[in-house]
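Q: I'd like to learn how to read a helix and a surface patch. Can you walk me through them?

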Amino acid sequence: MTMTMGDRLRELRLRKNLSQEEVARQIGITRSAYSHYEINNRQPVYDTLIKLSSYFEVSLDYIIGGEYGKSEAGLSPETVEIFRLLNTMDQDKRKQSITKMMDVIRQSD
């Protein structure tokens, strides 16, 4: 079953445990407008699509019906979150974090 843009927006919002009001406020539109996007009654304009893409940290292609632009297709939300966190760290912290994760993985073997 193919997901619509509205389905994807709803899924992305629920993954972050956000209300429609919170998403709308963050990207500068009304809750009503955002609600219409989720139920596929309206299509967002290009500028709003860019804001949604940035806010949810996915590609425009994913929102409009394609695949993840960051090679995230098929990854669990936890894995995507780990990548996101690692991406925000400076190089030293990233290396330390990866080393700690590898230690935990080795201990579980």
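A: Sure, let's start with a helix. In α4 (residues 46-56), Thr-48, Leu-49, Leu-52, Ser-53 and Phe-56 are buried. Buried means under 20% relative accessible area, exposed over 50%, partly exposed in between (1.4 Å probe, protein chains only). Helices (H or I, at least four residues) are DSSP runs, numbered from the N terminus. This is a predicted model: local features need pLDDT of at least 70, side-chain atom pairs count only at pLDDT 80 or more, and totals for chains, interfaces and linings use all residues. Residues are numbered from 1 along each chain as its sequence is written, and side-chain values use heavy atoms, with hydrogens and water left out.

Q: Where do the buried residues of α4 sit when you look down its axis?

A: An α-helix has 3.6 residues a turn, so residues three or four places apart point the same way. Here the buried residues fall within an arc of 140° (taken from the directions from the helix axis to the C-beta atoms), so they line one face of α4.

Q: Which exposed residues are on the face turned away from the buried side of α4?

A: Tyr-46, Asp-47 and Ser-54. The buried residues, meanwhile, have a cover that includes α1 (5-15), α2 (20-27), α3 (31-38) and α5 (60-64).

Q: What happens just after α4?

A: Glu-57 takes a positive phi of about 60° there.

Q: Is Ile-82 buried or partly exposed?

A: Partly exposed, because its relative accessible area is 38%. You'll find Ile-82 in helix α6 (residues 77-88).

Notes: Helices (H or I, at least four residues) and strands (E, at least two) are DSSP runs, numbered from the N terminus. Contact means heavy atoms within 4.5 Å.
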